[in-house]
Amino acid sequence: MSDSEFAIDHLGIAVKSLAAAKTIYETLGLTISQEEEVAGEQVRLLMVEVGESRFELLEPTSESSPIAKFLNKRGEGLHHVSLRVPDLAAAIEKLKAKGIRLVSDQIKIGAGGHHYIFVHPSSAGGVLLELVENSHS
Ligand code: ZN
């Protein structure tokens with residue numbers, strides 16, 4: 001395991017409207033993915049390619065979506081930081097041993113088949129931290 005296997009996979013940004021939010025990136029000439037829906041998280045999302053990392057624009061598909069709750073409370077803005085790790089299961093084991101608070105106990109599987117889990121902001125300097133396994137292609 002080398003440090004280079006760690007990276008900022010993406011920054012998650014909560015928005016009211018994907019169509020409105022993507023305009024700035026389109027205008028700048030960045031490559032934007034097709035919209036995809038993640039039913040489990042009740043969001044529609046777009047990925048914006050930014051060098052070796054990405055922005056993940058998240059729009060809620062229902063009022064009970066975590067993103068809808070975030071928007072109601074805080075308005076649009078940075079929602080989470082996603083850190084790519086070489087071995088997610090091993091990372092979680094180490095964090096749990098240290099008493100780090102996770103948002104859920106289970107590893108979740110995203111639309112692209114990647115595995116992820118969220119670390120609670122109270123254990124990550126106020127940042128909602130997503131850990132994702134190194135399956136980015
Ligand atoms: Zn994310």
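**Exercise 1. Find isoleucine 8 and describe its surroundings.**

Start with the element: isoleucine 8 sits in strand E1, which covers residues 7-14. Keep in mind that you're looking at a predicted model.

Next, check the accessibility. The relative accessible area of isoleucine 8 is 48%. Buried would need a value under 20% and exposed a value over 50%, so isoleucine 8 counts as partly exposed.

Now look for its contacts. Leaving out residues up to four places away in sequence, isoleucine 8 touches Ser53, Ser82 and Arg84.

Finally, try a distance. Pick the C-alpha atoms of isoleucine 8 and histidine 120: they are 17 Å apart in space, while the two residues are 112 apart in sequence.

**Exercise 2. Is aspartate 9 buried or exposed, and which side chain does it make a polar contact with?**

Stay in strand E1, because that's where aspartate 9 is too. Its relative accessibility is 3%, so aspartate 9 counts as buried.

Then follow the side chain of aspartate 9 outwards: it makes a polar contact with the side chain of arginine 54, at 2.6 Å.

**Exercise 3. Work out which residues coordinate the zinc ion and why the arrangement is irregular.**

Step one is to list the donors. They are His10 and His80, each through NE2, plus Glu56 and Glu130, each through OE, at 2.1 to 2.3 Å from the zinc ion.

Step two is the angles. Around the zinc ion, the four donor atoms subtend angles of 85 to 175°. For a tetrahedral label, all angles would have to lie between 85 and 135 degrees. The arrangement is irregular because of the angles it shows.

Step three is the spacing. Along the sequence, the donor residues follow the pattern H-x45-E-x23-H-x49-E. Glutamate 56 belongs to strand E4 (residues 53-60) and glutamate 130 to strand E8 (residues 129-133), so this pair ties together parts that are 74 residues apart in sequence. Both of these glutamates are buried.

**Exercise 4. Where is serine 65, and what does it touch?**

First place it: serine 65 is in the loop between E4 and helix H3 (66-74). With a relative accessibility of 0%, serine 65 counts as buried.

Now the neighbours. Not counting residues up to four places away in sequence, serine 65 touches Glu41, Gln42, Val43 and Pro60. For glutamate 41 there's a distance as well: the side chain of serine 65 reaches its backbone oxygen at 3.5 Å.

**Exercise 5. What is the sign of phi at glutamine 42?**

Begin with the location, the loop between strand E2 (36-38) and strand E3 (43-50). Then read the angle: phi is positive, about 55°, although glutamine 42 is not a glycine. For comparison, most residues other than glycine have a negative phi.

To finish, glutamine 42 has a relative accessible area of 25%, so it is partly exposed.

**Exercise 6. Describe the protein chain as a whole: how many helices and strands does it have?**

Count them up and you get four helices and eight strands. Reading from the N terminus, the order is β-α-α-β-β-β-α-β-α-β-β-β. The radius of gyration is 15 Å, close to the 14 Å that the globule rule gives for 137 residues, so the chain is as compact as a globular protein of that length.

Two more values round this off. Of the 137 residues, 35% count as buried. Among contacts between residues at least 6 apart in sequence, 50% join residues at least 24 apart.

Methods: Residues are numbered from 1 along each chain as its sequence is written. This is a predicted model: local features need pLDDT of at least 70, side-chain atom pairs count only at pLDDT 80 or more; totals for chains, interfaces and linings use all residues. Side-chain values use heavy atoms; hydrogens and water are left out. Donors are N, O and S atoms within 2.8 Å of the metal (3.2 Å for Na, K and Ca); water is not among the atoms, so sites may look incomplete. Four donors count as tetrahedral if all angles lie between 85 and 135 degrees; four count as square planar and six as octahedral if opposite donors are over 155 degrees apart and all others between 65 and 115; anything else is irregular. Helices (H or I, at least four residues) and strands (E, at least two) are DSSP runs, numbered from the N terminus. Buried means under 20% relative accessible area, exposed over 50%, partly exposed in between (1.4 Å probe, protein chains only). The radius of gyration is taken over C-alpha atoms; the globule rule is 2.2 Å times the number of residues to the power 0.38. Contact means heavy atoms within 4.5 Å. A polar contact is a pair of N or O atoms within 3.5 Å; within protein, one must be able to donate a hydrogen and the other to accept it, and residues adjacent in sequence count only if both atoms are side-chain atoms.
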